Amino acid sequence: MYTASFLTDPDFIRILYIVAFSCFIVGLRLLNHPRTARKGNMIAAVGMAIAVIATLMWDFVGDYWLIAIGIAIGTAVGIPAARSVKMTAMPQMVALFNGVGGGAVALISFVEYREALDHGGNPALEQLIPILFAAIVGSISFWGSNIAFGKLQEIIPGRPIQLPGQQFINIGLLLVAVGCAVAIAAGTEEQLLFIVILLSAALLGNMFVLPIGGADMPVVISLLNAFTGLSAAAAGMALDNVALIVGGMLVGASGSILTRLMADAMNRSIANIMVGGFGGVTIAAGDAGDKTARSTDAASVAMQLAYARKVVVTPGYGLAVAQAQHTVRELADELEKRGVEVSYAIHPVAGRMPGHMNVLLAEADVPYEQLKEMDDVNPELPQTDVALVIGANDTVNPEAGMPIIEVGKAGQVVVLKRSMNTGFAGIDNPLFYNENTALLFGDAKESVAAVLAEVKDL
Amino acid sequence: MDLVTELTILVLAAFVGFEVISKVPNTLHTPLMSATNAIHGIVLLGGLLLIGEATGFLDELLLVIAIAFGTINIVGGFLVTDRMLEMFRKRD
């Protein structure tokens with residue numbers, strides 16, 4: 001039949017793959033602005049549908065009922081998870097999704113190797129090397145992501161867990177995995193070696209995320225995202241599939257950029273973070289010495305805010321923990337009614353993953369025009385009357401050794417804080433002892449609500 | 001396809017990826033990451049390509065799991081990204 005032969009024509013299918021990866025690129029391109037982002041996501045989804053349908057058209061693709069079972073299970077898990085996940089839990093969700101992708105890559109490469117052995121031995125090197133790479137990186141990504149999920153979900157303690165000689169163990173595990181891979185590539189035909197690769201990479205994935213503390217999670221999640229993408233691209237090379245190569249590589253690029261941005265935002269090298277042990281380790285004991293911090297009350301803060309011209313709210317993860325986003329937005333609305341200009345200064349590592357704080361505020365109906373990036377807001381701070389810091393510490397700490405939101409340059413600084421404890425970095429914050437800083441102690445949500453009530457009464 | 005052609009595609013894709021994604025603002029980094037979660041669900045294709053010729057219960061089982069994993073990525077990833085992006089609104 002003419003139509004049937006045209007549909008299963010390899011070149012037709014390959015052209016559909018080109019359409020599919022073009023959709024991915026255009027979709028990602030549209031993610032550069034909140035106005036077009038939603039359309040971009042939909043275009044990428046259409047690209048994915050085209051890629052899947054095109055693949056089903058290959059004449060050697062079969063076992064349709066098994067495929068249907070797999071897709072049905074995935075859909076049954078994916079839809080409810082995506083619908084019900086809370087925005088505060090997005091980092092966990094993304095970690096889990098990274099892991100699932102890495103797991104799929106590892107499984108696929110394992111099966112591809114087993115099938116090759118059944119059909120007469122090791123595949124050609126140009127297939128074999130990507131298979132081995134995909135197996136190692138996919139397995140690291142799967143297990144590392146599961147640990148990251150466990151930490152974010154607080155199933156596993158968020159503090160760094162370190163074994164003595166951790167670095168040597170990690171290097172040893174990597175050597176075992178790579179050594180077995182080299183042995184296979186050199187011609188050894190042995191499934192057991194492949195299993196050893198998967199297992200040592202799995203252990204390595206566990207060991208490399210366990211020592212990383214909560215504050216470093218944005219870097220880890222980005223890195224695992226890059227790993228999963230790269231392993232998918234490798235699987236694409238092994239399977240001669242252009243859509244898979246390009247799709248995987250786009251994710252690899254995205255994850256790499258985000259990893260770099262997050263590390264830069266903390267002024268730390270990626271290697272330094274991988275060595276771990278940063279988050280949660282107390283360096284200084286928060287000793288105030290002879291410095292005194294000035295505390296204030298809700299009524300005074302309300303006065304300061306209501307009579308200001310320009311207020312910059314600087315939220316940190318503490319805001320999300322206290323679930324104070326909506327109350328903060330109500331306060332901002334109330335201030336705007338009084339003619340105060342309100343914006344939000346968002347540090348790149350505020351929250352538990354890149355951009356997390358923006359999503360939490362968007363959920364609370366904060367318009368995106370008010371969400372400002374660190375580099376845009378810092379020059380505006382000297383003209384700002386009041387900087388309101390809510391649940392942030394390290395990201396406004398001049399001694400934290402990283403780029404910060406320079407709230408100290410604003411006319412007045414009000415810090416909403418639970419206690420005088422130090423942040424993740426464990427470094428005492430000199431901002432708190434500045435003359436123009438006042439601290440309002442208490443739960444972030446209750447404090448904001450109290451200030452809001454006072455503003456309404458003015 | 002030979003290895004060099006594939007590497008060519010890989011490297012070009014990397015440059016396109018860096019170019020396109022470096023233009024995404026901080027504000028949208030979380031949706032970007034969940035959208036890329038969905039895109040790496042494309043490993044689903046690997047499962048589809050192998051399952052027809054796979055023999056034996058273990059291989060088929062592993063591939064069904066891989067297909068399910070890939071589908072979770074695709075369906076869950078695009079859906080949750082859409083949910084997030086819907087929340088980014090202009091001031092009315």
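Where chain A and chain B meet, 95 residues of chain A and 78 residues of chain B take part in the contact. Keep in mind as you look that this is a predicted model. On the chain B side, the elements giving two or more residues are helix 1 (3-21), helix 2 (29-39), helix 3 (44-51) and helix 4 of chain B. Helix 4 of chain B supplies the largest share of that side, with 28 residues. If you sort the chain B side by class, you find 46 nonpolar, 21 polar and 11 charged residues. For the model, the scores are ipTM 0.96 and pTM 0.90.

Let us turn to chain A. Its elements are 17 helices and six strands, and its C-alpha atoms fill a box of roughly 80 × 55 × 35 Å along the principal axes. Chain A has 458 residues, and 53% of them count as buried. How far apart in sequence are the residues that touch? Among the contacts in chain A with a separation of 6 or more, 81% are between residues 24 or more positions apart.

You can follow chain A in three parts: domain 1 (1-84), domain 2 (93-281) and domain 3 (298-457). Between the C-alpha centres of domain 1 and domain 2 of chain A there is a distance of 25 Å. Where these two domains of chain A touch, seven residues of domain 1 are in contact with five residues of domain 2. Helix 2 (residues 10-30) of chain A gives the largest share of the domain 1 side, six residues. By class, that side has six nonpolar residues, no polar ones and one charged residue.

Now for the interior. The largest nonpolar core holds 197 residues, and Leu305(A), Val389(A) and Ile390(A) have the most contacts inside it. Which element gives this core its largest share? That is helix 4 (residues 57-87) of chain B, with 16 residues.

Ile390(A) is a good place to stop and look around. Leaving aside residues up to four places away in sequence, Ile390(A) touches ten partners that include Val313(A), Pro315(A), Leu319(A), Ala324(A), Val328(A), Leu416(A) and Val448(A). Ile390(A) also stands opposite Leu416(A) in strand 5 of chain A. Here strand 4 (residues 386-390) of chain A pairs with strand 5 of chain A in the parallel sense, over five bridges.

Next, move on from strand 5 (residues 412-417) of chain A to strand 6 of chain A: five bridges join them, and they too run parallel. Two of the partnerships are easy to find. Leu416(A) has Leu440(A) as its bridge partner in strand 6 of chain A, and Lys417(A) has Phe441(A).

Are the residues of strand 5 of chain A buried or exposed? Six of its six residues are buried. Gln412(A), Val414(A) and Leu416(A) point one way from the strand, while Val413(A), Val415(A) and Lys417(A) point the other way, and all are buried. Strand 6 (residues 437-441) of chain A is mostly covered as well, with four of its five residues buried.

From the strands, step across to Val448(A), which sits in helix 17 (residues 444-457) of chain A. Why does Val448(A) count as buried? It is because 30 other C-beta atoms lie within 10 Å, and 20 or more are enough for a residue to count as buried. Beyond residues up to four places away in sequence, Val448(A) touches Ala324(A), Thr327(A), Val328(A), Leu331(A), Ile390(A) and Leu416(A). Val448(A) also shows how the chain brings distant positions together: Ala298(A) is 150 residues apart from it in sequence, yet 8.1 Å apart in space, C-alpha to C-alpha.

Finally, consider how confident the predictor is. Chain B has a mean pLDDT of 93, and 100% of its residues reach 70 or more. For chain A the mean pLDDT is 88, and 94% of its residues reach 70 or more. Among the elements of chain A, helix 3 (residues 34-56) has the highest mean pLDDT, 96, and helix 1 (residues 2-7) the lowest, 64. Over residues 278-288 of chain A the pLDDT is below 50, and this stretch has 29 contacts in the model beyond near neighbours in sequence.

Terms used. Residues are numbered from 1 along each chain as its sequence is written. Chains are lettered from A and ligands numbered from 1 in the order in which they are written. This is a predicted model: local features need pLDDT of at least 70, side-chain atom pairs count only at pLDDT 80 or more; totals for chains, interfaces and linings use all residues. A residue is buried if 20 or more other C-beta atoms lie within 10 Å of its own, exposed if 12 or fewer, and partly exposed in between; C-beta atoms are placed from the backbone. Domain bounds come from an automatic or database domain assignment. Ala, Val, Leu, Ile, Met, Phe, Trp, Tyr, Cys and Pro count as nonpolar, Asp, Glu, Lys and Arg as charged, and the others, Gly among them, as polar. A nonpolar core is a set of buried Ala, Val, Leu, Ile, Met, Phe, Trp, Tyr and Cys residues joined through C-beta atoms within 7 Å. pLDDT is the predictor's confidence in each residue, from 0 to 100. Two strands pair if DSSP finds at least two bridges between them.
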